[in-house]
Amino acid sequence: MTPQGLPPSPATLLSPAACPVLVVKVGSALLVAPDGTVRREWLASLVADLAVRIEGGQRIVIVSSGAIALGARRLGLPKGGRASLEDAQASAATGQIALSQCWAELLGNHSITAAQMLVTLDDLEDRRRFLNASATLRRLIALGAVPVINENDSVATEEIRFGDNDRLAARIAQAAGAAGVVLLSDVDGLFTANPKNNPEAKLVESVARIDARVRAMADGGSASGMGSGGMLSKLEAARIATSAGAHLAIANGTLANPLARLAEGGRGTVFTAGPQGKGRKLWLAGRMTARGRITVDAGAEAALGKGSSLLAAGAIAVDGKFVRGDVVEILSATGETIARGLTEYDAADMARIMGLRTDAIADVLGHAPRSSLVHRDQMVLL
């Protein structure tokens, strides 16, 4: 929030004083022309914007799409390289070289060192690997380099992948300790309805909470047909970023010098960050996968909201295959995800004891029960 308590504007978000480390995500439709070539003049203007910010003391992390689109052109593959998983992997392997060379050259023109990092979903969902990636990112930032991040699409599968760089950018912001994220896209931001279908749709300038009303405004499609993300993925990215204490802005980047335009009062939607957690809870808040789900009754939901652990008595349903220590989601009786945490029981035992008072659990399991299904110290509310 700003000192006056007002939601930050896109210009405030770009201020080095308010945001010492900024993550900038560049979509495929901005970086790659329809014929599969790099929009080099536009990209040079963005790099010039970044150089100004770096000169002003801000540290930058780039999350760059475009490898699949670039590789598909070089390999002569149809549908932008997305006709099959194998085509996408081959395109990514080919295009990533061209993409990293382009970033390194243009940043180098401003005497800025580029560093490439390719990550998979597992690299950030596994706690130990997340800490390793975080340490590398923070060291590169401290050394004055600009990390250029992309999903390692050459080895990612449909089942284990981010699927779009919006959510990757939000997770990278968490790992890098960034205070802000800018998603440069081919839209101005979140509208009350799809502006292509509804001329009366209005831009939503700030969002303090992502609820059912906000989600209903989103459209799942990618405007360009080139990328993999739509407004729904951007809302999920906003949820991840704001739960980690980072503001997130969606802004139109189609014109030259998009960050300069944004800083001078350009339009966009800013999602306001919530209180930042620490350590394991911060990592839990940003996770995208879970091994199972526990549905709770209204009484348990209220108790969780007051900071209590989840007891067996409040559980009304258990889904998934998980063991003690796995990440599970906690759902309200209406199906809304309200928390995420590390389970104290495996799925089979939890299904046997859900709904029971603590003093009755030992008779069912044959041993002394643990104090809770999910302890408050291993849980984060969403």
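These legends walk through several close-up views of a predicted model.

**View 1. The whole chain, as a starting point.** Before zooming in, here is the overall picture: the protein holds 15 helices and 13 strands. It has 382 residues, and buried ones make up 48% of them. Among contacts with a separation of 6 or more, 73% come from residues 24 or more positions apart.

**View 2. An open sheet of 8 strands.** Reading across this sheet, the order is β3-β4-β2-β1-β5-β7-β8-β6, and the pairing is mixed. Which strands stand at the edges? They are β3 (114-119) and β6 (206-207); each has a single partner strand, so one side of each is left without a neighbour in the sheet. Helix α3, spanning residues 40-55, packs on the sheet and touches β1 (21-26), β2 (59-64), β4 (146-151) and β5 (180-185). The direction of α3 makes about 155° with that of β2.

**View 3. The β6 edge of that sheet.** Look here for the pairing of β6 with strand β8 (residues 268-271), which is parallel and runs over 2 bridges. A handy residue to centre on is Val207, which stands opposite Phe271 in β8.

**View 4. An open sheet of 5 strands.** The strand order here is β10-β9-β11-β12-β13, again with mixed pairing. At the edges are β10 (315-320) and β13 (374-381), each of which pairs on one side only. From one strand to the next, the twist averages 30°. Inside this sheet, strand β11 (residues 327-331) and strand β12 (residues 337-343) run antiparallel and are joined by 5 bridges. To find your way along them, start from Leu331: the bridge partner of Leu331 in β12 is Thr337.

**View 5. A charge over a ring.** Arg370 lies over the face of Tyr345, and the distance from the ring centre is 5.5 Å. How many aromatic pairs does the count give? The count comes to 0 aromatic pairs.

**View 6. Lys25 and its surroundings.** This lysine sits in strand β1. Is Lys25 buried or exposed? Lys25 counts as buried because its relative accessibility is 7%, while the cut-off for buried is under 20%. Leaving aside neighbours within four places in sequence, Lys25 is in contact with Val63, Ser65, Asn165, Asp166, Ala169, Val182, Leu183 and Leu184. An unreviewed UniProt entry places the feature "binding site" at Lys25, and also at Ser185, Asp186, Ser228, Gly229, Gly230, Met231, Leu232, Ser233 and Lys234.

**View 7. Ser65, Asp153 and Asn165 together.** The UniProt annotation "binding site", from an unreviewed entry, covers these three residues: Ser65, Asp153 and Asn165. Although they are spread over 101 residues of sequence, they cluster in space, with a largest C-alpha distance of 11.0 Å. Asp153 lies in the loop between β4 and α8 (165-176), and at 10% relative accessibility Asp153 counts as buried.

**View 8. Asn165 up close.** Asn165 belongs to helix α8. With a relative accessibility of 8%, Asn165 counts as buried. Which residues does Asn165 touch, not counting those up to four places away in sequence? They are Lys25, Val63, Ser64, Ser65, Asn150 and Glu151. Through the contact between Asn165 and Lys25, this view links back to View 6.

Definitions and conventions. Residues are numbered from 1 along each chain as its sequence is written. This is a predicted model: local features need pLDDT of at least 70, side-chain atom pairs count only at pLDDT 80 or more; totals for chains, interfaces and linings use all residues. Side-chain values use heavy atoms; hydrogens and water are left out. Two strands pair if DSSP finds at least two bridges between them. Helices (H or I, at least four residues) and strands (E, at least two) are DSSP runs, numbered from the N terminus. Contact means heavy atoms within 4.5 Å. Axes are lines fitted to C-alpha atoms, for helices over the stretch in contact, and angles run from 0 to 180 degrees between N-to-C directions. Rings of Phe, Tyr and Trp (its six-membered ring) pair if their centres lie within 6.5 Å; planes under 30 degrees apart count as stacked, over 60 as edge-to-face and the rest as tilted. A charge sits over a ring if NZ of Lys or CZ of Arg is within 6 Å of the ring centre and within 35 degrees of the ring normal. UniProt positions are given in the numbering used here, feature names are shortened, and annotations may be inferred rather than shown by experiment. Buried means under 20% relative accessible area, exposed over 50%, partly exposed in between (1.4 Å probe, protein chains only).
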